[in-house]
Amino acid sequence: MNFGFKIINWYSENKRDLPWRNSSDPYFIWLSEVLLQQTRVDQGIGYYLRFINKFPTVLALANSSEEEVLKLWQGLGYYSRARNLHFAANQVINEFNGEFPTQYKEIIKLKGVGEYTAAAISSICFEESVAVIDGNVFRVLARFLAIDPPIDSTLGKKEFKKIANELIKTHLPSVYNQGIMELGALVCTPKLPDCENCPINNSCISFSQNSFLNYPVKSKKTKQRKRYFNFIIINHFDKYYIQKRVGKDIWQNMYQFPLIETNSEMIEWNKAFENISIDYISETIKHILSHQIIYAKFWFAKTNTLDFKAASNWELLELDELKEKPLPKLIENIFYEYPQLSTK
DNA sequence: AACCCGGGGCC
DNA sequence: GGCCCAGGGTT
């Protein structure tokens with residue numbers, strides 16, 4: 001019995017019962033796939049259920065606002081996924097006459113849909129024979145065949161793609177693709193893989209060499225940049241100023257308290273705020289992102305002068321209104337940390 | 001090809 | 001602290 005049949009048999013007996021399985025509606029599969037990009041299944045399930053409840057159809061999603069979608073995405077990270085999801089829903093309505101595209105070459109035209117997601121949708125929903133290659137597949141194939149080229153190199157990607165698309169032949173694409181990913185997620189895990197219970201352990205090269213933890217090979221390592229954020233929380237007659245993040249940076253189109261970013265933890269208090277009395281300064285909060293370490297301080301201030309001059313891009317909102325905006329986790333957390341910001 | 005984009009879980 | 005997660009877009 002070969003690789004693919006063993007995986008399919010294993011999958012049929014061991015697959016998890018996930019909310020988007022047992023459906024082949026491309027809208028649901030697309031939504032689940034985008035939600036799960038760089039995201040663990042356990043983390044994505046709740047978001048998936050809330051999304052299909054609020055946006056049962058691609059038309060409902062297209063008719064919403066980007067801000068609504070970002071709000072529902074809040075806390076999950078990689079928010080370009082949410083913006084692109086909303087954009088792509090409108091592509092389906094306007095460029096595909098409201099019908100979700102059915103072929104890989106069309107599906108991949110949707111914003112936020114790359115090779116992996118197009119392969120997943122076209123195979124799972126339409127049985128197109130194109131192999132998915134995600135982190136799980138890289139790991140399973142790299143270990144099974146002891147493939148040395150790094151998965152983040154151009155050469156490596158080409159080789160994995162060639163092998164994956166050879167292995168999927170003669171198998172039902174939807175089952176094979178989900179099977180190999182499920183094996184990577186449940187058995188061939190990054191750390192402590194369960195090789196004893198793996199259906200293909202007797203022909204796994206790295207297992208026979210006891211070298212499975214050396215695979216997959218990766219060449220690049222992520223480096224983190226340090227940033228220093230000073231947010232000022234200005235109470236103005238029990239309303240608060242916020243601003244929308246624009247430009248090409250983290251948390252694009254989400255909201256925050258007015259921010260002064262500095263090059264070090266020291267801040268020379270800006271003259272723009274010399275008329276504001278600071279009541280309290282928070283401890284430094286370390287907020288870790290994949291490529292950045294943010295050291296944040298929150299400056300609590302109050303001004304009840306009627307002619308307080310706010311910056312032009314600030315909005316003055318009630319706490320309740322503020323919390324309806326899409327907020328980065330760092331900002332959302334503040335409401336739990338500081339009781340004075342809890343809604344009455 | 002290199003860089004950018006979140007947040008959480010696990011060791 | 002480092003690695004990884006059902007990756008994709010931009011430059």
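A residue counts as near a molecule or strand if one of its heavy atoms lies within 4 Å of it. The model is predicted, and local features need pLDDT of at least 70, side-chain atom pairs count only at pLDDT 80 or more, and totals for chains, interfaces and linings use all residues. Residues are numbered from 1 along each chain as its sequence is written, chains are lettered from A and ligands numbered from 1 in the order in which they are written, and side-chain values use heavy atoms, with hydrogens and water left out.

**View 1. Surroundings of DNA strand C.** DNA strand C is surrounded by 28 residues, the closest being Leu36, Gly112, Thr117, Arg139 and Lys248. Of the strand C atoms that come within 4 Å of the protein, 66% belong to sugar and phosphate. The surface near DNA strand C is made up of 8 nonpolar, 9 polar and 11 charged residues. In these classes, Ala, Val, Leu, Ile, Met, Phe, Trp, Tyr, Cys and Pro are nonpolar, Asp, Glu, Lys and Arg are charged, and the others, Gly among them, are polar.

**View 2. Polar side chains at DNA strand C.** An N or O atom in the side chain of Arg21 is 2.9 Å from a base nitrogen of DNA strand C. For the side chain of Lys191, an N or O atom is 3.0 Å from a base nitrogen of this strand. Asn136 places a polar side-chain atom 3.3 Å from a sugar or linking oxygen of DNA strand C. Two elements, α8 (115-126) and α9 (135-145), give two or more residues to the surface near DNA strand C. Helices (H or I, at least four residues) and strands (E, at least two) are DSSP runs, numbered from the N terminus.

**View 3. Salt bridge of Arg21.** The side chains of Arg21 and Glu182 form a salt bridge with an N to O distance of 3.0 Å. Arg21 is in the loop between α1 (3-14) and α2 (26-35), and Glu182 is in helix α11 (residues 173-186), so that the pair links distant parts of the chain, 161 residues apart. A salt bridge here is a side-chain nitrogen of Lys or Arg within 4 Å of a carboxyl oxygen of Asp or Glu. The whole structure has 11 salt bridges.

**View 4. Surroundings of DNA strand B.** DNA strand B has 23 residues around it, with Thr154, Trp251, His287, Ser290 and Gln292 the closest. Sugar or phosphate supplies 59% of the strand B atoms within 4 Å of the protein, and bases supply the rest. An N or O atom in the His287 side chain is 2.7 Å from a phosphate oxygen of DNA strand B. Gln292 has a polar side-chain atom 2.7 Å from a phosphate oxygen of the strand, while a polar side-chain atom of Ser290 is 2.6 Å from a base nitrogen.

**View 5. Interface of domain 1 and domain 2.** Chain A is divided into domain 1 (3-214) and domain 2 (225-341), with bounds from an automatic or database domain assignment. Contact (heavy atoms within 4.5 Å) involves 9 residues of domain 1 and 13 residues of domain 2. The two domains bury about 930 Å² between them, 48% of it on carbon and sulfur atoms; buried area is the accessible area (1.4 Å probe) that two parts lose on being put together, summed over both. One salt bridge is found across the interface, and the side chains of Lys325 and Glu67 meet in a salt bridge (3.1 Å, N to O).

Technical notes
Polar contact = N/O pair within 3.5 Å; in protein donor to acceptor, adjacent residues only side chain to side chain.
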